[in-house]
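User: Could you take a close look at one part of this model for me? I would like to go through the protein surface that faces the DNA.

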Amino acid sequence: MTPFTRKVILIIQSIPEGSVMTYGGVARAAGSPRAARQVVRILHSMSRKYRLPWHRVINAKGMISLTEDESASLQQLYLAGEGVVFDERGMVDLERYQYVPGPELELESELTGDFGAGAEDHLLPPLE
DNA sequence: CTCCTGACTCCGA
DNA sequence: CTCGGAGCCAGGA
């Protein structure tokens, strides 16, 4: 378990209900902008063990990337259940639903204790 | 060790 | 806007 993996897990767990993050967004937030594919891998191997809200992670186009229709429709079902709206093309409005934890804001909030609403329980532990 | 693969992205046409 | 190709990185064969 690398620090990166742990960060990814924490970040994903911090995505609020009704919001989504892109693979690349999670990777960026975890400090590795180019590690989108690793995020995917972590999702595969850790989602069950760490009870991750895997359905809130979608691709940069705002679409569900699952290949198996079965899981894909399940993911869309979950999101829809949280109030996320899909257009006729099966994509969500990222501008509206994407959750963006600031790059360094996690640390700041830890210091100031002042952070945006709904983002109080996603603090990263001291790593690195 | 090398090769292949993927729930990805970016960038140019 | 869509489409295609190259880049990306870590696991598994």
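In what order do the elements of chain A run from the N terminus on? And once that is clear, which residues are around DNA strand B and DNA strand C?

Analyst: Happy to walk through it with you. This is a predicted model, so a few ground rules come first: local features need pLDDT of at least 70, side-chain atom pairs count only at pLDDT 80 or more, and totals for chains, interfaces and linings use all residues. Residues are numbered from 1 along each chain as its sequence is written, chains are lettered from A and ligands numbered from 1 in the order in which they are written, and side-chain values use heavy atoms, with hydrogens and water left out.

From the N terminus on, the order in chain A is α-β-α-α-β-α-α-α. That gives six helices and two strands, where helices (H or I, at least four residues) and strands (E, at least two) are DSSP runs numbered from the N terminus. Of the 128 residues in chain A, 42% are buried; buried means under 20% relative accessible area, exposed over 50%, and partly exposed in between (1.4 Å probe, protein chains only).

Now to DNA strand B. A residue is near a strand if one of its heavy atoms lies within 4 Å of it. There are 16 residues around DNA strand B, and Tyr23, Arg37, Arg41, Ala60 and Ser65 come nearest. Of the DNA strand B atoms within 4 Å of the protein, 41% belong to sugar and phosphate. Helix α3 (36-46) and helix α2 (23-29) each supply at least two residues of this surface, and α3 gives the most, with six residues. By class, the surface near DNA strand B holds seven nonpolar, six polar and three charged residues. Here Ala, Val, Leu, Ile, Met, Phe, Trp, Tyr, Cys and Pro count as nonpolar, Asp, Glu, Lys and Arg as charged, and the others, Gly among them, as polar.

The polar contacts (pairs of N or O atoms within 3.5 Å) add detail. Arg37 places a polar side-chain atom 2.7 Å from a base nitrogen of DNA strand B, and for Arg41 a side-chain N or O atom is 2.7 Å from a base nitrogen of that strand. Ser65, in turn, has a polar side-chain atom 3.0 Å from a phosphate oxygen of DNA strand B.

DNA strand C is surrounded by Arg34, Arg37, Gln38, Arg41 and Arg89. Sugar and phosphate make up 57% of the DNA strand C atoms that come within 4 Å of the protein. The surface near DNA strand C has no nonpolar, one polar and four charged residues. Gln38 brings a polar side-chain atom to 2.7 Å from a base oxygen of DNA strand C, while a polar side-chain atom of Arg37 lies 3.5 Å from a base oxygen of DNA strand C. With Arg89 the partner is a phosphate oxygen of DNA strand C, 2.6 Å from a side-chain N or O atom.

One last feature concerns the protein itself. The whole structure has one salt bridge, meaning a side-chain nitrogen of Lys or Arg within 4 Å of a carboxyl oxygen of Asp or Glu. Glu82 and Arg56 form this pair, with their closest N and O atoms 2.9 Å apart. Glu82 sits in the loop between α4 and α5 (94-97) and Arg56 in the loop between α3 and β2 (57-58), so the pair ties together parts that are 26 residues apart in sequence. Both Glu82 and Arg56 are buried.

Key. Polar contact = N/O pair within 3.5 Å; in protein donor to acceptor, adjacent residues only side chain to side chain.
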